[in-house]
Structures are given as C-alpha cells and as structure tokens.
Amino acid sequence: MNVSRFFEHWGLSENPFAAEEARHDAVFARLDAGAATHPDFEKVLGDLERPASSIVFGEKGSGKTALRLQIEQRVGAWNAAHPDRRALLIAYDDLNPWLDRFVARMRAEGAKNTDEALGRLRLSDHMDAILALATPGLVDRALAPGSEGRQRARALRAGPPETRAGFALLQACYDDPDRAPARTARLVRRIKAPGD
C-alpha cells in the first residue's frame with residue numbers, strides 16, 4: 001500500500017505528517033490546546049494563578065515546539081479571560097543566535113575555542129538573554145500611544161515606587177540598544193519613576 005492509498009483508505013484529505021516542525025504543521029495548528037497534549041502538559045504549564053518558569057529539554061522532534069505552541073495558546077486564553085491577572089510568556093527557544101553572539105564575545109575576551117567559550121556560560125547569562133527578549137515588548141506596551149498605553153502607564157504609576165524604579169532600571173539595561181536612550185526619559189516621565 002502506498003501513501004496515497006493509505007490516506008484514501010482512512011479518509012484523510014491531507015497528510016498529517018507532512019510538516020517536520022509543529023510551527024509549520026497545518027493539522028496541529030487546528031487543534032485546541034486541550035485536545036491532544038503531552039502527558040506532562042499541565043505540569044509544565046503550571047498554575048497560571050501563580051505563573052512560574054518551566055524549562056523543557058528534548059531531542060529534535062520530541063515535541064518541544066508543539067508543547068510551547070500549546071502553552072502559548074493556553075496562556076493567550078487565560079490572558080483574554082483574566083485581563084487584570086495576565087501571565088507573561090517569554091519563549092526562550094531559539095538559542096543559536098544568542099549563543100553565537102556569546103561565543104563571539106568570549107572569543108574576543110580570550111577564549112581559545114568554542115568549547116572554552118561555552119564553558120564560561122553561566123545562569124546569569126541566560127537570565128540576561130531572557131530579560132533582553134522580554135524588556136523591549138514590555139516597554140513598547142508602557143509607551144504605546146492611545147488609551148491602552150496610558151492605561152498600562154497608569155497601572156505602573158499606581159504601584160509602589162520600587163516597582164517603577166525597577167522597571168525604569170530594567171528598561172535602561174535591557175531595552176533594544178538602538179531605541180533605549182530615546183525611550184528612557186519618556187518612560188521615566190510616563191510612569192513617574194522615582195529618581196535617585
């Protein structure tokens with residue numbers, strides 16, 4: 001039996017195995033996040049009332065991207081239903097460009113080869129990368145024009161001074177380097193961040 005006869009026999013109108021990655025899989029994209037999940041999906045997702053970090057490791061093709069896409073779908077549904085208790089999802093899943101920059105920096109600082117450069121990698125380096133991924137979007141939201149941006153800025157202003165100062169510091173350290181200097185003063189004014 002060939003593939004087309006197999007599909008015909010089972011009444012399949014498209015090949016459910018055509019895409020090699022979940023992000024390009026049309027069949028997977030139509031599934032609801034609860035329809036077919038990994039057995040540990042709920043454990044990895046955790047309690048969105050109290051969001052926490054999850055780290056998923058696996059070989060190529062083991063379902064990491066599918067799991068992330070389902071988590072994105074579930075977090076999106078949660079955020080739509082709970083606009084006052086939204087969860088922030090940071091997909092830290094494409095490490096190659098970041099690792100390339102890290103290795104180049106370590107080589108410039110004297111690492112003899114890639115193995116030695118990667119041997120210098122610390123948890124704090126990953127934390128820096130995650131903050132650099134998340135911060136520009138958070139600042140974009142706080143500085144957004146119109147009522148949505150004003151509402152977010154108002155929510156930040158209503159928080160304690162330490163939160164506003166921390167957000168301003170986060171922006172100064174991790175915002176997009178090409179835009180950060182121009183956005184710092186605007187952000188400080190908009191959220192009324194305390195000075196030193």
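**Reading rings and a surface patch**

Guide: Start in helix α5, residues 95-108. Trp98 and Phe102 both lie there, four residues apart, about one turn of the helix. Keep in mind that this is a predicted model.

Visitor: How many aromatic pairs does a search of the whole structure find?

Guide: The search finds two. Take Tyr92 and Trp98: their ring centres are 6.3 Å apart and their planes are at 75°. Planes over 60 degrees apart count as edge-to-face, so this pair is edge-to-face.

Visitor: Why is the pair of Trp98 and Phe102 stacked?

Guide: Look at the planes again. Under 30 degrees counts as stacked. The planes of Trp98 and Phe102 are at 25°, so they fit, with ring centres 5.8 Å apart. Ring pairs thus join Tyr92, Trp98 and Phe102 into a cluster.

Visitor: Which of these residues are buried, and which are partly exposed?

Guide: Use relative accessible area. Buried means under 20%, and exposed means over 50%. Phe102 has 3%, so Phe102 is buried. Trp98, at 14%, is buried as well. Tyr92 has 22%, so Tyr92 counts as partly exposed.

Visitor: Now the surface. Which residues make the nonpolar patch?

Guide: Met1, Phe6, Trp10 and Leu12 make it, and the patch covers about 480 Å². Met1 lies in the segment before α1. Phe6 sits in helix α1, residues 3-10.

Visitor: Are Met1 and Phe6 exposed or partly exposed?

Guide: Met1 has a relative accessible area of 74%, so Met1 is exposed. Phe6 is at 35%, so Phe6 is partly exposed.

Visitor: What does Phe6 touch, not counting residues up to four places away in sequence?

Guide: Phe6 touches Met1 and Leu12.

Technical notes: Residues numbered from 1 in each chain as written. Predicted model: local features only at pLDDT ≥ 70, side-chain atom pairs only at ≥ 80, totals over all residues. Heavy atoms only, no water. Helix = DSSP H or I, 4+ residues; strand = E, 2+ residues; numbered from the N terminus. Buried < 20%, exposed > 50% of the residue type's maximum accessible area, 1.4 Å probe, protein only. Contact = heavy atoms within 4.5 Å. Patch = residues over 30% accessible without salt bridge, like charges linked within 9 Å, V, L, I, M, F, W, Y side chains within 5 Å. Areas by Shrake-Rupley, 256 points an atom, 1.4 Å probe, with all protein chains shown as cover. Salt bridge = Lys/Arg side-chain N within 4 Å of Asp/Glu carboxyl O. Phe/Tyr/Trp six-rings, centres within 6.5 Å; stacked < 30°, edge-to-face > 60°.
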